[in-house]
Each structure stands twice: as C-alpha cells, then as structure tokens.
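Please open the model in the viewer and keep the sequence panel visible beside it. The stops below are given in an order that can be followed by selection.

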Amino acid sequence: QVQLVESGGGSVQAGGSLRLSCAASGRTLSSYTMAWVRQAPGKEREFVAALSWTGWTGGATNYASSVKGRFTISRVIDGNTVYLQMNSLKPEDTAVYYCAATYLGAPHGQSSDYNYWGQGTQVTVSS
C-alpha cells in the first residue's frame with residue numbers, strides 16, 4: 001500500500017507559477033507510474049499529466065493537450081517525491097489537484113487507470 005500526500009497548492013494570478021509536490025510513504029515510488037489529475041467545481045476529474053515508473057523507456061511522460069508546454073511532471077532521483085511544475089497558469093486551471101499512482105505500467109491518460117490517490121490540494125488562479 002502506498003500513501004500519497006500533496007502539497008504546494010495556493011492562489012496565484014494568471015500568468016504565474018506554482019509547483020505541486022506529492023510525497024509517498026509506505027513504498028518507494030520508483031516502481032509506480034504517477035499522475036496528476038484535477039477536478040474543478042461541478043466537473044468530472046480530468047487527467048493532467050503522467051510519468052512512467054523508472055524502468056519504463058527511461059521515464060515516459062504524457063500530458064493533456066490543455067497543459068502541454070506549460071506543465072512539467074518530474075520525480076526526484078530517490079523516487080519518492082513527484083512534482084508538477086505549473087507555469088503560465090490560467091483561470092481555467094483552477095481545481096483541486098490530486099496525485100495518483102499505479103504499480104508499473106504505461107503513463108495512461110485516464111484517471112480510472114490509477115489505484116492510489118492523495119487527498120488533493122487546491123489551486124486557484126485569478127484573472
């Protein structure tokens with residue numbers, strides 16, 4: 001079992017940046033494909049980005065088209081923290097952001113492919 005805890009959310013003006021962190025306990029994350037998924041009020045969960053486990057083709061990434069070029073998912077060398085660097089933020093990026101994980105596998109773009117979830121962190125972007 002892996003426990004995930006997100007941090008780094010907050011309020012920022014449009015055009016600003018935030019970095020979200022996802023820390024794991026219980027297991028090392030190097031064998032887990034990691035993802036960030038967000039949910040805006042009144043909307044369904046939306047895939048944002050994914051990063052494969054460290055043994056998958058050198059760490060493949062997958063991004064939603066709405067964030068490609070603005071957001072970057074990465075993990076630290078010890079494998080137990082995953083980041084989401086968010087630049088050029090827009091008001092439509094406002095949501096609760098969740099860290100998610102699944103053991104091994106490809107960096108899928110469907111939130112239903114992930115088994116473990118954090119509690120979420122709020123990101124609010126004002127215009």
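Select strand 1 (residues 3–7) together with strand 3 (residues 18–25): in this predicted model, the two strands pair in the antiparallel sense over five bridges. Two positions help to trace the pairing. Gln 3 stands opposite Ser 25 in strand 3, and Ser 7 has Ser 21 of strand 3 as its bridge partner.

Next, keep strand 3 and add strand 8 (81–86). These two strands run antiparallel and are joined by six bridges. To find one point on this pairing, select Leu 20, whose bridge partner in strand 8 is Leu 84.

Now display the whole sheet. In what order do the strands of this open sheet lie? There are four of them, in the order 1-3-8-7, with antiparallel pairing. Strand 1 and strand 7 (71–75) stand at the edges with a single partner strand each, so one side of each has no neighbour in the sheet. From one strand to the next, the twist averages 15°. When side chains are switched on, a general point applies: in a regular strand they alternate between the two faces of the sheet.

Return to strand 3 and select Cys 22, then Cys 99. What joins Cys 22 to Cys 99? The link is a disulfide, with an S to S distance of 2.0 Å. Cys 22 belongs to strand 3 and Cys 99 to strand 9 (residues 95–103), so the pair ties together parts that lie 77 residues apart in sequence. The count for the model comes to one disulfide. Looking along the S-S bond of Cys 22 and Cys 99, one finds a torsion of about -80°, so the disulfide is left-handed. Are these cysteines buried or exposed? Cys 22 is buried, at a relative accessible area of 0%, and Cys 99 also counts as buried, at 0% relative accessibility.

The next selection is the largest nonpolar core, which contains 35 residues. Select Leu 4, Met 34, Trp 36, Leu 84, Met 86 and Tyr 97, the residues that touch the most other members of this core. Leu 84 was met above as the bridge partner of Leu 20. Which elements give two or more residues to the core? They are strand 3, strand 4 (32–39), strand 5, strand 7, strand 8, strand 9 and strand 11 (121–126). In soluble globular proteins, nonpolar side chains tend to be buried together.

Move now to the loop between strand 5 (46–51) and strand 6 (61–63), and select Ser 52. With a relative accessibility of 1%, Ser 52 counts as buried. Its side chain reaches the backbone nitrogen of Ala 60 at 2.8 Å. Beyond its neighbours within four places in sequence, Ser 52 is in contact with Tyr 32, Thr 33, Gly 59, Ala 60, Arg 75, Gly 105 and Pro 107.

The last stop is Lys 90, in the loop between strand 8 and strand 9. Lys 90 is partly exposed, with a relative accessible area of 35%. Apart from neighbours within four places in sequence, Lys 90 is in contact with Arg 70 and Val 125. Finally, draw a distance from the C-alpha of Lys 90 to that of Val 12: the two residues are 78 residues apart in sequence and 9.4 Å apart in space.

Methods
Residues are numbered from 1 along each chain as its sequence is written. This is a predicted model: local features need pLDDT of at least 70, side-chain atom pairs count only at pLDDT 80 or more; totals for chains, interfaces and linings use all residues. Side-chain values use heavy atoms; hydrogens and water are left out. A disulfide is a pair of cysteine sulfur atoms within 2.5 Å. Helices (H or I, at least four residues) and strands (E, at least two) are DSSP runs, numbered from the N terminus. Buried means under 20% relative accessible area, exposed over 50%, partly exposed in between (1.4 Å probe, protein chains only). A polar contact is a pair of N or O atoms within 3.5 Å; within protein, one must be able to donate a hydrogen and the other to accept it, and residues adjacent in sequence count only if both atoms are side-chain atoms. Contact means heavy atoms within 4.5 Å. Two strands pair if DSSP finds at least two bridges between them. Axes are lines fitted to C-alpha atoms, for helices over the stretch in contact, and angles run from 0 to 180 degrees between N-to-C directions. A nonpolar core is a set of buried Ala, Val, Leu, Ile, Met, Phe, Trp, Tyr and Cys residues joined through side-chain atoms within 4.5 Å.
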